[in-house]
Structure formats: structure tokens, C-alpha cells
Amino acid sequence: MIHKFSLFGTNIVVDVNSGSVHIFDDVAYEVLDYYENNSSERIIELLSSKYKSEDIGEAIKDIDSLKAEGMLYSEDIYKDTVSLWDKKPVVKALCLHISHDCNLRCKYCFASTGDFGGQRSMMSSEVGKKAIDFIIKESGSRKNLEVDLFGGEPLMNFEVVKEIVAYAKSKEKEAGKNFRFTLTTNAILLNEDIKNYVNENMQNVVLSIDGRKEVNDKMRYRVDGTGCYSDIMPKIKDMADSRGQDRYYVRGTFTRENLDFSKDVLHLADEGFKQISVEPVVAGKDSGYDLREEDLPKLSDEYEKLALEFVKRKKEGNGFNFFHFMIDLSQGPCIAKRLRGCGSGHEYVAITPEGDIYPCHQFVGNSEFKMGNVTEGKLNTEIQEHFKGCNVYTKEECSKCWAKFYCSGGCAANAHQFNNDINIPYKVGCELERKRVECALWIKSQGM
């Protein structure tokens with residue numbers, strides 16, 4: 001399988017199975033339209049009115065060579081690999097819901113403004129410590145473990161954050177583990193003491209802001225209805241600077257209210273942020289904020305505008321990183337990641353303040369997916385195996401998609417929300433992912 005596209009005058013050809021990416025001239029690019037189903041003589045005949053016969057013939061030879069080298073029209077060697085993955089899954093990452101409460105009331109919040117559709121509550125240090133014991137037990141021989149301190153707003157329960165981190169670190173040597181922590185926060189409660197603690201203990205920090213003041217404050221406001229932009233912007237700037245503009249993301253969400261989201265990305269870049277992620281909302285159908293198929297042309301244009309500006313600023317020495325344009329063509333994720341994605345439900349789970357276990361933060365509150373409780377110390381292996389078995393070959397649409405090894409089949413929670421099946425991907429999300437990958441590949445073609 002190959003995928004060909006032209007962007008800003010550059011002809012790019014992707015060989016899906018080998019991962020090879022090529023830049024073609026116009027002649028070779030057009031030859032590909034006829035290559036598989038026609039003889040060389042017939043291709044020359046079909047294109048001779050546009051190109052010289054010798055140029056067409058040379059292009060055919062070059063394509064023949066790439067095919068012989070396994071860099072074009074290569075065979076799928078991965079499909080049979082999946083059946084060999086029969087090892088017991090290990091849990092290597094936790095999303096700890098430190099707080100099921102929040103000091104903001106964001107309109108699009110998938111977590112029902114922080115309570116996940118239930119009672120507002122805080123995780124106790126006892127439950128947090130049991131969660132650490134749980135991942136130590138369930139991680140097998142895995143040494144490096146990831147813990148995301150999440151909410152709601154985790155800084156509303158900051159003392160428990162510190163107790164959990166201290167407990168995990170006290171267990172590292174005995175258990176032969178190495179814990180890495182990420183904190184996700186809306187920054188309302190950030191102060192100098194918290195900043196210093198985060199910088200000493202968190203390998204990464206995610207700082208939530210949606211971009212321009214008018215966009216952010218329309219969607220992200222306090223309980224009393226007032227916007228948060230003016231309060232949090234200086235705080236997150238200070239946090240980013242204190243970390244040397246590294247090991248953090250400013251993370252925003254765009255909705256139907258700001259389809260011109262490239263302006264929000266560039267606003268954050270203009271404010272000096274170097275690590276930026278602004279992502280599409282996943283909201284219920286007809287919520288008013290949900291992205292729809294008729295929005296796709298506009299959103300595609302926005303990604304292209306952003307790609308052009310991304311390259312321009314990099315060349316000018318004033319670049320930034322945009323999460324969805326980061327792509328590694330030399331190594332990239334291992335084959336398991338390429339086929340199965342984030343590992344939700346079998347390698348990665350979420351823990352509620354009460355200790356309940358779910359496949360990821362977006363499944364929390366859905367009793368169908370409750371996998372157990374850390375106080376019991378065991379998982380529902382039927383749910384775990386169901387998620388473990390989900391991959392790009394169990395999803396019919398993914399198996400036919402050229403971008404399957406870049407997105408790894410997309411988000412299971414989004415698939416379930418829109419199609420009630422983790423093996424049927426969210427269509428709008430798929431279209432946006434394909435566009436982002438095309439833009440990212442074009443950026444690579446420009447030497448970035």
C-alpha cells in the first residue's frame with residue numbers, strides 16, 4: 001500500500017508497510033497513477049503527451065528499483081505479528097485522579113466539570129499509596145513506570161500529591177522501579193512553592209490554556225463565571241521559563257467556537273511558549289462544540305496554515321514544537337506501539353479517588369468498564385484482554401488506512417463514545433489525523 005499527496009508544490013509518497021517516505025518529481029509522481037496496472041510501454045503511451053518518453057522510462061526504472069529494495073509497494077509483514085503477542089500484559093502507567101473536583105467549569109469538559117458524572121471527591125493518601133503498590137505488583141519486570149497526577153484539578157489536593165510522590169520514591173529501590181511523574185493542571189493555584197516542588201519532582205507538566213484570551217475565557221471560566229486567562233498566563237509563562245522551555249506542554253482544546261485554531265497555536269507561540277499542543281475537542285453530537293464533517297475543509301486549511309508558519313518560524317530561528325507535527329522517521333515507536341497505540345486498558349489504567357480502576361481517564365464513570373479497585377489489588381482480566389486485543393488489524397477501517405502506523409488506530413475512548421465499539425474509529429478524528437500526518441511529513445521534507 002502506498003499513499004501519495006502533494007502539498008505546497010512538494011510531491012510526497014509514503015510506502016505504508018516499510019515506513020519509507022519519498023519526494024517525487026512530477027513525472028514519477030504521475031507514473032504512480034498507472035504503475036500497478038499497466039506495462040511500461042502503456043504508461044509511456046498514456047503520458048507521452050505531457051512528458052518526454054525517456055523521462056517517463058527513467059521514472060519507471062526508479063520506481064522499479066525502489067520496489068525491488070522494499071521501499072515501495074512493500075509487503076505487510078506485521079499482520080501475523082499480532083498473533084504472537086500472547087504474553088500477560090503488564091501495567092506500566094497510571095492516571096491518578098487526585099481530585100474529582102475542579103475550580104473551573106469548562107464548557108466542553110469530558111469529565112463533567114471535574115466530577116466525572118459522580119460526587120465531587122478527593123483521593124486520600126491511603127488510596128494513592130495502594131495505587132502505587134498496585135502498579136508495582138502489576139508491572140512485572142518493567143522498571144520504568146509513569147504516573148500522571150490528574151483531575152479535575154490535582155492542585156486542589158496538593159498535600160496528597162506530595163504524599164503519593166514521596167511514597168512512590170520510597171519504594172523505588174526496594175521494588176527495582178523508577179517512577180516518572182507528570183502533573184496536569186489548569187494553573188489557577190500555581191504559586192512559587194508549588195512551582196519549585198513541580199520542578200524538583202515532575203518529569204513533565206501539562207499546563208491547560210486554550211489560546212487567545214477571548215477563546216480561552218469563553219470556554220474556561222471559574223465557578224463564578226469569570227475568565228481565567230489573565231490570572232494563569234503569567235503563571236504558566238513563569239513555569240515554562242523555569243523549566244528552560246522544556247519538559248512541559250501548554251495544552252489547549254479547539255471546538256466549533258474557534259475553528260480558526262491556528263491563531264490560538266500561534267498566539268501561544270507569540271507569548272514565548274516552545275512546547276504547544278492544541279487538540280480537537282471530542283464532544284457529544286450536537287452539543288454545540290462538537291466538530292462535524294462539514295468542518296473538515298476549514299480545519300484542513302488551518303493545519304496547512306500552521307504547517308507553513310511552523311516552517312517559516314523554524315527557518316527564522318524563532319521556532320516552536322507543535323505536538324501533532326512531531327514525527328520520527330528514523331526510529332519512531334516500536335512495532336507494538338504502532339499497532340496497538342497508547343495501551344489503554346492493559347498497559348495504562350486510570351484510578352479514581354475511591355480506588356476504582358478504568359481503562360483510561362475518559363472511561364471513568366462508565367460502570368461497563370470498571371476493572372476493579374486497588375484495595376482489592378486485582379484487575380478484571382476479561383476487560384484487560386479485550387483492550388489488549390484491540391489493534392489496527394481488528395479495526396476494519398484502520399486496516400485499510402495509509403496512516404494506521406502513525407496513529408495506531410486512534411483513541412479507544414473516542415471510538416466507544418461515537419460508535420459504541422472500541423474497534424470502530426471516530427471518523428472526524430481519523431480525517432484530522434491523516435491531515436496532521438501529511439503536514440508533518442511535508443515539514444520533514446523541508447528539512448525540519
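**Exercise 1. A residue with positive phi**

S112 is found in the loop between strand 5 (99-100) and strand 6 (121-122). Determine what is notable about the phi angle of S112, and decide whether the residue is buried, partly exposed or exposed.

*Solution.* The structure is a predicted model, and the angles are read from its coordinates.
Step 1. Phi of S112 is near 55°, which is a positive value in a residue other than glycine.
Step 2. The relative accessible area of S112 is 35%, so this residue is partly exposed.
Step 3. R247 can be treated in the same manner. Phi of R247 is near 60°, again positive in a residue that is not glycine. R247 lies in the loop between helix 8 (229-242) and strand 10 (248-254), and with a relative accessible area of 37% it is partly exposed.

**Exercise 2. A cis peptide bond**

Describe the peptide bond from G151 to G152, and state where G152 is found.

*Solution.*
Step 1. Omega of the bond from G151 to G152 is near 20°, and the bond is cis.
Step 2. G152 belongs to the loop between strand 7 (144-150) and helix 5 (158-175).

**Exercise 3. The three-stranded sheet**

Give the strand order of the open sheet of three strands, identify its edge strands, and state which helix lies across strand 1, strand 2 and strand 3.

*Solution.*
Step 1. The order is 1-2-3, and the pairing is antiparallel.
Step 2. Strand 1 (2-7) and strand 3 (21-24) are the edge strands, as each of them pairs on one side only.
Step 3. On average, neighbouring strands of this sheet are turned by 25° against each other, with direction ignored.
Step 4. Strand 2 (residues 10-15) pairs with strand 3 in the antiparallel sense over four bridges. For V13, the bridge partner in strand 3 is H22.
Step 5. Helix 16 (residues 427-445) lies across strand 1, strand 2 and strand 3, and it runs at about 70° to strand 1.

**Exercise 4. Salt bridges and accessibility**

State how many salt bridges the structure holds. Then examine the pairs of E45 with R42, D290 with R292, and K388 with E385.

*Solution.*
Step 1. The structure holds 36 salt bridges. Side chains of opposite charge can pair when their charged atoms come close.
Step 2. The side chains of E45 and R42 meet at 3.0 Å, N to O. Both residues lie in helix 2 (residues 40-47), three residues apart, about one turn of the helix. R42 is partly exposed, with a relative accessible area of 34%.
Step 3. In the salt bridge of D290 with R292, the closest N and O atoms are 3.3 Å apart. D290 has a relative accessible area of 4% and is therefore buried, whereas R292, at 23%, is partly exposed.
Step 4. K388 and E385 form a salt bridge at 4.0 Å, N to O. Because they are three residues apart in helix 12 (residues 381-388), about one helical turn separates them. K388 is buried at 9% relative accessible area, while E385 is partly exposed at 41%.
Step 5. A network of salt bridges links R212, D260, K263 and D264.

**Exercise 5. Aromatic rings**

Classify the pair formed by F310 and F320, and explain which parts of the structure this pair ties together.

*Solution.*
Step 1. A search of the whole structure finds 19 aromatic pairs. One of them is formed by F310 and F320, with 5.5 Å centre to centre and 80° between the planes.
Step 2. Planes over 60 degrees apart count as edge-to-face, and the pair of F310 and F320 is edge-to-face.
Step 3. F310 lies in helix 10 (residues 296-315) and F320 in the loop between helix 10 and strand 12 (321-322), so the pair ties together parts that are ten residues apart in sequence.
Step 4. F310 counts as buried at 6% relative accessibility, and F320 counts as buried at 2%.
Step 5. F254, F261, Y303, F310, F320, F322 and F325 form one aromatic cluster.
Step 6. A charge over a ring is found elsewhere: K4 lies over the face of Y29, at 3.8 Å from the ring centre.

**Exercise 6. The surroundings of E138**

Locate E138, decide whether it is buried or exposed, and list the residues it touches, not counting those up to four places away in sequence.

*Solution.*
Step 1. E138 is placed in helix 4 (residues 125-138).
Step 2. Its relative accessibility is 11%, so E138 counts as buried.
Step 3. With residues up to four places away in sequence not counted, E138 touches K88, V90, V91, G377 and L379.

Key: Residues are numbered from 1 along each chain as its sequence is written. Side-chain values use heavy atoms; hydrogens and water are left out. Two strands pair if DSSP finds at least two bridges between them. Helices (H or I, at least four residues) and strands (E, at least two) are DSSP runs, numbered from the N terminus. Axes are lines fitted to C-alpha atoms, for helices over the stretch in contact, and angles run from 0 to 180 degrees between N-to-C directions. Contact means heavy atoms within 4.5 Å. Buried means under 20% relative accessible area, exposed over 50%, partly exposed in between (1.4 Å probe, protein chains only). Rings of Phe, Tyr and Trp (its six-membered ring) pair if their centres lie within 6.5 Å; planes under 30 degrees apart count as stacked, over 60 as edge-to-face and the rest as tilted. A charge sits over a ring if NZ of Lys or CZ of Arg is within 6 Å of the ring centre and within 35 degrees of the ring normal.
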